[in-house]
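User: I have a structure open here and would like to talk it through with you before I set anything up. Could you take my questions as they come?

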Amino acid sequence: MRVLVTGGAGFIGSQYVRMLLGVPGGDASGEPTAVTVLDKLTYSGNLANLAPVRQDPRLRLVQGDICDPALVDEVVAGHDVVVHFAAESHVDRSIAGAAPFVTTNVLGTQTLLDVALRHGTGRFVHVSTDEVYGSIDEGSWTETSPLAPNSPYSASKAGSDLLALAYHRTHGMDVVVTRCSNNYGPYQFPEKIIPLFVTNLLDGGTVPLYGDGGNVRDWLHVHDHCRGIALVQQKGRAGEVYHIGGGSELSNRELTGRLLEACGARWDRVVPVADRKGHDRRYSLDIGKISAELGYAPSIDLDRGLAETVRWYRENRAWWEPLKAKPGA
Ligand code: NAD
């Protein structure tokens, strides 16, 4: 099987590539014989994320833009599956400027879908987010809940998510969509809350806590997200949406407390800052469908996952220090 992974040099895409290539075996079990990464290597794309598999002869790296139809046409040809991670992914950046979000997330996805349709690619896995639903005070969203995104990031993801489903309904393409909660783990660019806070604390600095700190997120280890995507890639029903959640809800204040403790720091290192514009209060996914249909359950509990993650950043300064010094980071 030949798998094309877009955004495979980013946080989650690189975990997926490392996972695919870490599994021995061949076609019979649905495991890959070849993996191509198509990645523009924006500020958050980093070839160091693929260092553990760089020498694997099954891996091909292509630096390029998913919005470039000629390049995408050349790269998609011959692949059985596209797993589409490439995106502009940081909400705060989308508030500062929405244009790259619309370009990459919407137009880039449409470019990929058109090319995959033309080539008759076997399966297109579109990786989306719980943020497309907006905010929920109580209860959890199911896959049929209406989309009501609030940030330019989530609106652009909702656009690409609906386009992917439209290509199934209109053209009969074999499309599956995953919507996932907040990921954490190694190799996450140090702008998102967990790696930002941990690296600031390890450097002896302060951490900015938005508003009253009461915004609630469901946390999922990136390893479990990728296990869920693999199940959907292999066994999900065409045209369906699957939630991948962690079942570990924490307010940002609670999360901050745990990170302070893990880094041996006190609350005087926390600086309250004005709330993010349009900040969603709470996200929560019902994962009954993927559990019942595909046998998915998260395997890493939050205490263990956070402890391992903090240890990883502690032991891998050589990975994150250059990123914090990078212009535009
Ligand atoms: P990331 O920012 O770490 O990685 C994105 C990757 O896409 C980078 O390698 C970047 O270089 C690449 N990219 C960006 N624009 C591109 C373009 N025009 N052409 C080719 N490559 C391009 O993001 P991530 O956290 O790994 O997220 C991956 C996917 O998962 C995204 O689609 C995101 O919406 C989704 N998602 C993320 C989370 C989360 O908590 N991080 C949760 C749910 C869903």
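**Talking through the model**

Analyst: Gladly, and as a start on the overall fold: this is a predicted model, and among contacts in the protein chain between residues at least 6 apart in sequence, 82% join residues at least 24 apart.

User: How many helices and strands does the protein chain have?

Analyst: The protein chain has 11 helices and 12 strands. Along the principal axes, its C-alpha atoms fill a box of roughly 55 × 45 × 40 Å.

User: What does the radius of gyration say about the protein chain?

Analyst: For 329 residues a compact globule would be expected to have a radius of gyration near 20 Å, and the 19 Å of the protein chain agrees with that. Of those 329 residues, 55% count as buried, while the accessible surface comes to about 13100 Å², with 52% of it belonging to carbon and sulfur atoms.

User: OK, on to the ligand. Which residues come nearest to the ligand?

Analyst: There are 29 residues around the ligand, and those that come nearest are Asp39, Ser44, Ser89, Tyr153 and Lys157.

User: Which polar side chains should I look at, and at what distances from the ligand?

Analyst: An N or O atom in the side chain of Asp39 is 2.5 Å from an oxygen atom of the ligand. Two other side chains sit by nitrogen atoms of the ligand: a polar side-chain atom of Asp65 lies 2.8 Å from a nitrogen atom, and an N or O atom in the side chain of Thr104 is 3.0 Å from a nitrogen atom.

User: And how much of the ligand does the protein bury?

Analyst: The ligand taken alone exposes 840 Å², and the protein buries 97% of that area. The elements giving two or more residues to the shell around the ligand are helix H1 (11-22), strand S5 (123-129), helix H5 (152-171) and strand S7 (182-184), and S5 gives the most, with three residues.

User: What is the make-up of that shell, by nonpolar, polar and charged residues?

Analyst: The shell around the ligand divides into 13 polar residues, 11 nonpolar ones and five charged ones.

User: Switching topic: is helix H6 mostly covered or mostly open?

Analyst: Helix H6, which runs over residues 193-202, is mostly covered, with eight of its 10 residues buried. Those buried residues are Ile194, Pro195, Phe197, Val198, Thr199, Asn200, Leu201 and Leu202.

User: What do the buried residues of H6 pack against?

Analyst: They pack against S7, strand S8 (207-210), strand S9 (216-221), helix H8 (252-263), helix H10 (302-315) and helix H11 (317-325). Just after H6, Gly204 takes a positive phi of about 80°.

User: Which residues does Trp320 touch?

Analyst: Trp320 is found in helix H11 and, not counting residues up to four places away in sequence, touches Thr199, Leu202, Asp203 and Tyr313. Trp320 counts as buried because its relative accessibility is 0%, against a cut-off of under 20%. The C-alpha atoms of Trp320 and Pro190 are separated by 7.2 Å, although these two residues are 130 residues apart along the chain.

User: You mentioned a glycine with positive phi; which residues other than glycine have a positive phi that I should check?

Analyst: Two to check are Leu41, with phi near 55°, and Tyr187, with phi near 70°. Most residues other than glycine have a negative phi.

User: Where are Leu41 and Tyr187 placed, and are they buried or exposed?

Analyst: Leu41 is in the loop between strand S2 (34-39) and strand S3 (59-63), and with a relative accessible area of 25% Leu41 is partly exposed. Tyr187 lies in the loop between S7 and H6, and this residue is buried, with a relative accessible area of 14%.

User: One more, a charged residue: is Arg179 buried or exposed?

Analyst: Arg179, whose place is in strand S6 (residues 175-180), is buried, with a relative accessible area of 3%. Its side chain makes a polar contact of 2.6 Å with the side chain of Tyr133.

User: And Val106, which residues is that one in contact with?

Analyst: Leaving aside neighbours within four places in sequence, Val106 is in contact with Phe101, Ser156 and Leu163. Val106 lies in helix H4 (residues 99-119) and is partly exposed, at a relative accessible area of 21%.

Terms used: Residues numbered from 1 in each chain as written. Heavy atoms only, no water. Near = heavy atom within 4 Å. Polar contact = N/O pair within 3.5 Å; in protein donor to acceptor, adjacent residues only side chain to side chain. Areas by Shrake-Rupley, 256 points an atom, 1.4 Å probe, with all protein chains shown as cover. Helix = DSSP H or I, 4+ residues; strand = E, 2+ residues; numbered from the N terminus. Nonpolar A, V, L, I, M, F, W, Y, C, P; charged D, E, K, R; others polar. Buried < 20%, exposed > 50% of the residue type's maximum accessible area, 1.4 Å probe, protein only. Contact = heavy atoms within 4.5 Å. Rg over C-alpha atoms; globule rule 2.2 N^0.38 Å.
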